[in-house]
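I opened this entry to record what I looked up in one model. The notes go from the whole chain to single residues.

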Amino acid sequence: MNQNNLVNAKDSWNLEIQREKKEKKYPKWPNEAMLKVLFGGNDYLEKPCLPKPSWRVLDVGCGFANNLVPFADMGCDCHGVDLHPDMAKTAQEVMDDRGFKANIKVGSNRSLPYEAEYFDLLISINTLHYEGTEENFISALTEFKRVLKPGGSLYISTVGSEHEIYRRSEILGNHRYRIKNFDFRDGEEFFFCDSEKYLKYYCSKVFENVETGKITEKLMNLPLEFLIAICR
C-alpha cells in the first residue's frame, strides 16, 4: 500500500467503523469460513490446525475484533491491530463491553508492533488485498511470518475474481486494480490474486506449506467470492 493509499484507507475505514459503531450495525460473530477451516479438524485441511487455549493469536485488520471471539472464549491470549488509533480504541471498547479479553493496538500488514516469533496463529481476513502492489503484498506476508513462532500458522482470506468488488474494478496490470463504483473505497488500489493458483504462488514465496481453497456464493443479487489459504 503506497503512502497515499494508506492514508486514504486509514481515514475512510475509520469513518466507516465509527458510523457502524454509532448505528450499532457492526459484525458481532466470527467469520464462518474461518471457523470451519480452523475448528473443523480433518474436514477441510490435509494437516489440521486446531486452536489450543495456550495459543497466542493475532488478528491483523481486526475491525470490531469479532474474529477473535472464539479464541478469547476458549482462553487464548488474543491480540488485534488496526490502522487508526480510533479504530483500535473502538475494537478494544467492544471487546471489553462483551466481556472478552483482548489487547488491541495500532498496526498494519507491513508494520506489526510485536517482537519476532510471538504468535501461534495469525489471521488476516480480507486485509491483504489493500497492499496494492506485488512488492507490498509479499512484504506483508514476510512481516506475518516474522511474528509467527516456528511451526505457527497463518489464516488468509482475500477477494476472489467472482466478487462484486473485483468485477467492478479497473485493471491496472499485474494483479493491480482500482476500485470503481462500489462504496467508500472507490479510487483505492488493491492487489487481487485472481485465483487460488496465484494466492498459493505468492504465499509459497514466504511459507513452506500452503493449502488453498475458495468460497463462492451469491447473496440475493450480490456475488461474493473469497480465496482462502492456510500457511505454515
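What follows are my entries, in the order of the lookups.

**Whole chain**

I note first that the model is predicted. I looked up the secondary structure of the protein and found seven helices and ten strands. I then took the radius of gyration, which is 17 Å; the globule rule gives 17 Å for 232 residues, so the protein is as compact as a globular protein of that length. The C-alpha trace spans about 45 × 40 × 35 Å along the principal axes.

I looked up burial next: 53% of the 232 residues count as buried. For contacts between residues at least 6 apart in sequence, I found that 63% join residues at least 24 apart. The exposed area of the protein is about 11,200 Å², and 48% of it comes from carbon and sulfur atoms. I also checked the charges: the mean positions of the 31 positive and 35 negative charges lie 1 Å apart.

**H84 and α4**

I went to H84, which sits in the loop between β2 (77–82) and α4 (85–98). Is H84 buried or exposed? Its relative accessible area is 17%, and the cut-off for buried is under 20%, so I entered H84 as buried. Setting aside residues up to four places away in sequence, I found H84 touching K10, D11, N14 and V106.

I followed the chain into α4, a helix of 14 residues. From first C-alpha to last, α4 reaches 20 Å, close to the 20 Å expected at 1.5 Å a residue. I listed the buried residues in α4 as M87, A88, T90, A91, Q92, V94 and M95. Just after α4, I noted that G99 takes a positive phi of about 85°.

**A65 and N66**

I turned to the loop between β1 (56–60) and α3 (69–73), where N66 is found. A65 is in the loop between β1 and α3 as well. I noted a phi near 65° for A65, a positive value in a residue other than glycine. A65 has a relative accessible area of 0% and is buried.

N66 counts as buried too, at 8% relative accessibility. Which residues does N66 contact, leaving aside its neighbours within four places in sequence? I found P27, K28, W29 and P30. I also looked up the separation of N66 from A91: the two are 25 residues apart in sequence and 8.8 Å apart in space, C-alpha to C-alpha. A91 is one of the buried residues of α4.

**T158**

I placed T158 in strand β5, residues 148–159. The relative accessible area of T158 is 0%, and I entered T158 as buried. Beyond its neighbours within four places in sequence, T158 is in contact with N126, H129, L199, E225, F226 and L227. I noted that E225, F226 and L227, three of these contacts, carry numbers that fall within β10 (222–231).

**M220**

My last lookup was M220, in the loop between β9 (210–219) and β10 (222–231). Phi of M220 is near 55°, a positive value in a residue other than glycine. Is M220 buried or exposed? I found 75% relative accessibility, and exposed means over 50%, so M220 goes down as exposed. I set this beside A65, where phi is also positive but the residue is buried.

Conventions. Residues are numbered from 1 along each chain as its sequence is written. This is a predicted model: local features need pLDDT of at least 70, side-chain atom pairs count only at pLDDT 80 or more; totals for chains, interfaces and linings use all residues. Side-chain values use heavy atoms; hydrogens and water are left out. Helices (H or I, at least four residues) and strands (E, at least two) are DSSP runs, numbered from the N terminus. The radius of gyration is taken over C-alpha atoms; the globule rule is 2.2 Å times the number of residues to the power 0.38. Buried means under 20% relative accessible area, exposed over 50%, partly exposed in between (1.4 Å probe, protein chains only). Contact means heavy atoms within 4.5 Å. Accessible areas come from the Shrake-Rupley method with a 1.4 Å probe; for residues, only the protein chains shown count as cover. Lys and Arg count as positive and Asp and Glu as negative; His and the chain ends are not counted. The place of a charge is taken as NZ of Lys, CZ of Arg, CG of Asp or CD of Glu. The expected span of a helix is 1.5 Å times one less than its number of residues.
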